[in-house]
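Subject: Structure handover

Hello,

Here is the structure for your set-up work. My notes follow below it.

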Amino acid sequence: MRLYPILPSRMSILRVDNLTKTYASAGHALTVLHAVSFELAAGDTFAIVGPSGSGKTTLLGLCAGLDRATSGSVWLNNIQLDNLSEDERAAVRNQHVGFIFQNFQLLPTLTALENVLVPLELRGQRGAAKTALALLDRVGLADRAHHYPAQLSGGEQQRVSLARAFANRPAVLFADEPTGNLDPDTSERVVNLLFELNREAGTTLVLVTHDLELAAKTQRTLRLRGGKVVEPAVMAEKR
Ligand SMILES: Nc1ncnc2c1ncn2[C@@H]1O[C@H](COP(=O)(O)OP(=O)(O)O)[C@@H](O)[C@H]1O
Ligand SMILES: [Mg+2]
């Protein structure tokens with residue numbers, strides 16, 4: 001077992017430094033993340049685990065540039081997110097980040113193919129249709145390209161969202177409880193695809209889960225409780 005930090009010579013792709021998040025709710029301040037720090041090298045696979053309400057989704061959102069911290073810093077692909085405007089953060093997300101959500105979050109009025117096309121077209125990518133079809137084929141859904149989300153099973157919808165997430169060849173893929181709405185067999189297929197695509201693309205994977213079996217598939221795990229990193233703050237490398 002080796003202790004964190006590891007291999008400082010590898011390129012740092014995500015660095016979180018002393019991150020704190022305080023929400024103002026019902027007239028009082030609620031601090032839901034307390035001075036969280038960690039660093040990931042390109043290609044790492046990382047799990048954030050902890051009970052419901054421990055701050056996992058909040059931490060993921062700050063890392064991915066969906067929201068801004070109250071204090072502390074996030075560097076994503078060497079871009080410091082803290083002082084960027086909403087538009088600048090949206091541009092960073094489109095260029096560097098892929099997402100997978102528990103509830104899939106496909107656009108209901110678009111077909112599977114069109115959903116995968118959205119991030120490619122936002123970037124003005126040439127040959128987008130061909131790329132999107134190849135990705136749908138890779139997740140085993142070429143024959144569902146013209147189906148709408150409502151015409152797909154949960155597992156199929158999550159495979160479409162995998163194809164969409166990898167379309168931009170993101171530097172970091174963030175997945176929040178990606179199997180939370182799936183039965184065990186379907187979960188296994190989605191997880192296998194997620195790790196395969198991740199390996200093929202060399203993407204850094206940040207996974208939020210309360211499923212310890214799923215967390216065990218990543219190289220390192222960060223445990224949160226009540227918004228704090230559970231001691232020991234050092235993270236074990238599993239393999
Ligand atoms: N927008 C918000 N305003 C106020 N409190 C919030 C908001 N989002 C989350 N919280 C609170 O922050 C805490 C952590 O939430 P969350 O990050 O969703 O935890 P987890 O994903 O681990 O279940 C919870 O107590 C939740 O109620
Ligand atoms: Mg959550």
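A polar contact here is a pair of N or O atoms within 3.5 Å. This is a predicted model, with local features needing pLDDT of at least 70, side-chain atom pairs counted only at pLDDT 80 or more, and totals for chains, interfaces and linings using all residues. Residues are numbered from 1 along each chain as its sequence is written, ligands are numbered from 1 in the order in which they are written, and side-chain values use heavy atoms, without hydrogens and water.

Ligand 1

- Gly53: a backbone N or O atom lies 2.7 Å from a ligand 1 oxygen.
- Gly55: a polar backbone atom is 3.1 Å from an oxygen of ligand 1.
- Lys56: a side-chain N or O atom is 2.8 Å from a ligand 1 oxygen.

The protein covers 60% of the 570 Å² of accessible area (Shrake-Rupley, 1.4 Å probe) that ligand 1 has on its own. The residues around ligand 1 (a heavy atom within 4 Å) include Tyr23, Val32 and Pro51.

Largest pocket

A pocket is an open set of points on a 1 Å grid over the protein atoms alone, where a 1.4 Å probe fits, with protein on both sides within 12 Å along at least five of seven lines; lining residues have an atom within 4 Å of a point. The largest holds about 470 Å³, as the space filled by probe spheres set on the points. It has 16 lining residues, and Asn94, Phe99, Pro119, Leu122 and Arg164 are the closest to its centre.

Best regards

Methods
A polar contact is a pair of N or O atoms within 3.5 Å; within protein, one must be able to donate a hydrogen and the other to accept it, and residues adjacent in sequence count only if both atoms are side-chain atoms.
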